[in-house]
Amino acid sequence: MRHAQLWLSSIAIAALVASAGAQVQESVTYTNVNSNGPLGNAVNEIRTYNATGGYTMRSLRIEGQLTRVHSASYAREALIQITAPGGAQTTFQMFTQGAFTTLQGSGTVYTVPFNPAGNWTFRFYESFDDGGTGSVDARWDYITFEYREDPTALHDFGTINTGGAPQTFSVTRPLAAREILWYRIVLPVAVTAADLLTLEINTFGSSLAPSNDTEIALYDANGNKIAENDDIGGGNLLSRLVFGYGGSQDLPAGVYYIGAGAYNTTWANVFASSTSTNTGNLQLNIITNVPEPASMIALGAGLAGLLGLRRRKK
């Protein structure tokens with residue numbers, strides 16, 4: 001059982017459709033890197049890279065060749081802990097195979113669109129340490145990390161406002177296996193329960209197969225995860241988040257990113273990934289009554305006048 005399948009944690013193997021249009025902005029390659037010891041052990045090899053940045057990163061593509069050193073080592077046990085500037089972390093697993101000699105492979109870790117400038121850390125370790133820390137399990141003959149920008153990967157809704165009346169904004173996009181779709185919205189005013197303002201995000205109308213099972217998450221402009229939802233419940237496998245009036249929390253004005261994928265998706269600060277085999281069309285809907293800022297001023301003035309009139313009548 002020690003060699004049981006390790007599910008991918010915060011990693012997605014990119015479908016060719018997902019990588020179409022991706023542009024490599026910078027990359028780094030390491031050679032002869034040992035994969036050894038449990039996570040956090042002193043024998044873990046660590047590599048760092050100071051990303052230049054200055055662009056909007058949306059994925060980190062990883063390609064490499066792994067060679068067995070210990071005779072009992074399994075390929076799927078070779079893992080990499082990736083730490084982005086600011087401390088957000090994810091775990092990358094290139095292979096799912098067991099016994100091996102030498103394997104080549106590639107995979108993709110998706111990121112919230114952000115500027116990757118700063119220090120990145122890559123820690124190489126084993127999920128099961130076959131020969132103990134004194135015996136190397138496997139070795140990366142080479143491994144390359146490509147920082148990618150994909151102009152086609154983000155759907156920008158722009159500034160969301162309706163003049164105060166409820167309105168729905170929708171877009172339907174194809175979803176490949178293990179893909180994460182990204183969306184950007186700008187809230188011109190805070191969405192608060194006190195102002196009776198609401199923002200709902202859902203995937204109603206999606207058609208995925210073999211299972212119409214979606215997941216969504218909301219992030220702030222810095223890539224911090226605010227909330228996520230898998231299933232609505234009651235047998236409904238689609239997803240729904242509500243903020244402000246009738247929702248879980250208020251949202252300040254500003255830029256937000258929405259991530260959408262299929263089950264099973266892992267959401268973390270900055271990073272997101274899926275192991276899902278579901279494909280098809282994913283429909284993302286935004287329902288809101290957020291007004292323009294000028295409307296909020298008028299609403300505030302009206303409420304103030306009403307309260308003043310009530311006070312004078314006492």
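## The main nonpolar core

The largest nonpolar core of this structure has 33 residues, and the model you are looking at is a predicted one. If you want a place to start in the viewer, try Ile82, Trp120, Phe122, Trp140 and Phe145, the residues with the most contacts inside this core. Which elements supply the core with two or more residues each? They are the strands β1 (23-35), β2 (45-51), β3 (57-68), β4 (78-83), β6 (102-114), β7 (118-126) and β8 (138-149). Of these, β8 gives the largest share, with five residues. As general background, nonpolar side chains in soluble globular proteins tend to be buried together.

Phe145 is a good residue to zoom in on. Setting aside its neighbours within four places in sequence, Phe145 is in contact with Glu26, Ser27, Val28 and Tyr30, among others. The same list of contacts includes Leu60, Arg61 and Ile62, then Ile80, and finally Phe122 and Phe124. Phe122 therefore appears twice in this picture: it is among the residues with the most contacts inside the core, and it is a contact of Phe145.

## A second core

Apart from the core just described lies another one, made of 29 residues. Among its members are Leu199, Leu208, Tyr256 and Val290.

## Aromatic rings

How many aromatic pairs are counted in the model? The count comes to 11. One aromatic cluster is formed by Tyr49, Phe114, Trp120, Tyr147 and Phe271. Trp120 is worth a second look, as it is also named among the residues with the most contacts inside the largest nonpolar core.

A ring can also have a charge for company. The charged end of Arg173 sits over the ring of Tyr183, at 5.0 Å from the ring centre.

## Salt bridges

Six salt bridges are counted in the model, and three of them are described here.

Begin with Arg47 and Glu45, whose closest N and O atoms are 2.6 Å apart. Is Glu45 buried or exposed? Glu45 is buried, with a relative accessible area of 17%, because the cut-off for buried is under 20%. Its partner Arg47, at 22% relative accessibility, counts as partly exposed. Glu45 is placed in strand β2, and its side chain makes a polar contact with the side chain of Arg47 at 2.6 Å. Beyond its neighbours within four places in sequence, Glu45 is in contact with Asn32, Val33 and Asn34, and also with Phe122, Arg123 and Phe124. Phe122 and Phe124 are familiar names by now, since both are contacts of Phe145 too.

The next salt bridge joins Arg61 and Glu63, with 3.2 Å between the closest N and O atoms. Arg61 is partly exposed, with a relative accessible area of 22%, and Glu63 counts as partly exposed at 31% relative accessibility. Arg61 is also one of the contacts of Phe145.

In the third example, the side chains of Glu228 and Lys225 meet at 2.6 Å, N to O. Glu228 counts as partly exposed at 37% relative accessibility, and Lys225 counts as partly exposed at 30%.

## Backbone details to check

Most residues other than glycine have a negative phi, and most peptide bonds are trans. With that in mind, here are some places in the backbone to inspect.

Where are cis peptide bonds found? One joins Ala209 and Pro210, with omega about 10 degrees. Pro210 is found in the loop between β13 (207-209) and β14 (214-220). Another cis peptide bond joins Tyr263 and Asn264, again with omega about 10 degrees. Asn264 lies in the loop between β17 (254-262) and β18 (265-267).

Two residues other than glycine with a positive phi are also worth finding. Arg178 has a phi near 65 degrees and is found in the loop between β10 (167-175) and β11 (181-187). Val270 has a positive phi of about 70 degrees, and it lies in the loop between β18 and β19 (271-274). Their surroundings can be compared through accessibility: Arg178 is partly exposed, with a relative accessible area of 26%, whereas Val270 counts as buried at 8%.

Definitions and conventions. Residues numbered from 1 in each chain as written. Predicted model: local features only at pLDDT ≥ 70, side-chain atom pairs only at ≥ 80, totals over all residues. Heavy atoms only, no water. Helix = DSSP H or I, 4+ residues; strand = E, 2+ residues; numbered from the N terminus. Buried < 20%, exposed > 50% of the residue type's maximum accessible area, 1.4 Å probe, protein only. Phe/Tyr/Trp six-rings, centres within 6.5 Å; stacked < 30°, edge-to-face > 60°. Lys NZ or Arg CZ within 6 Å of the ring centre and 35° of its normal. Core = buried A, V, L, I, M, F, W, Y, C linked by side-chain atoms within 4.5 Å. Contact = heavy atoms within 4.5 Å. Salt bridge = Lys/Arg side-chain N within 4 Å of Asp/Glu carboxyl O. Polar contact = N/O pair within 3.5 Å; in protein donor to acceptor, adjacent residues only side chain to side chain.
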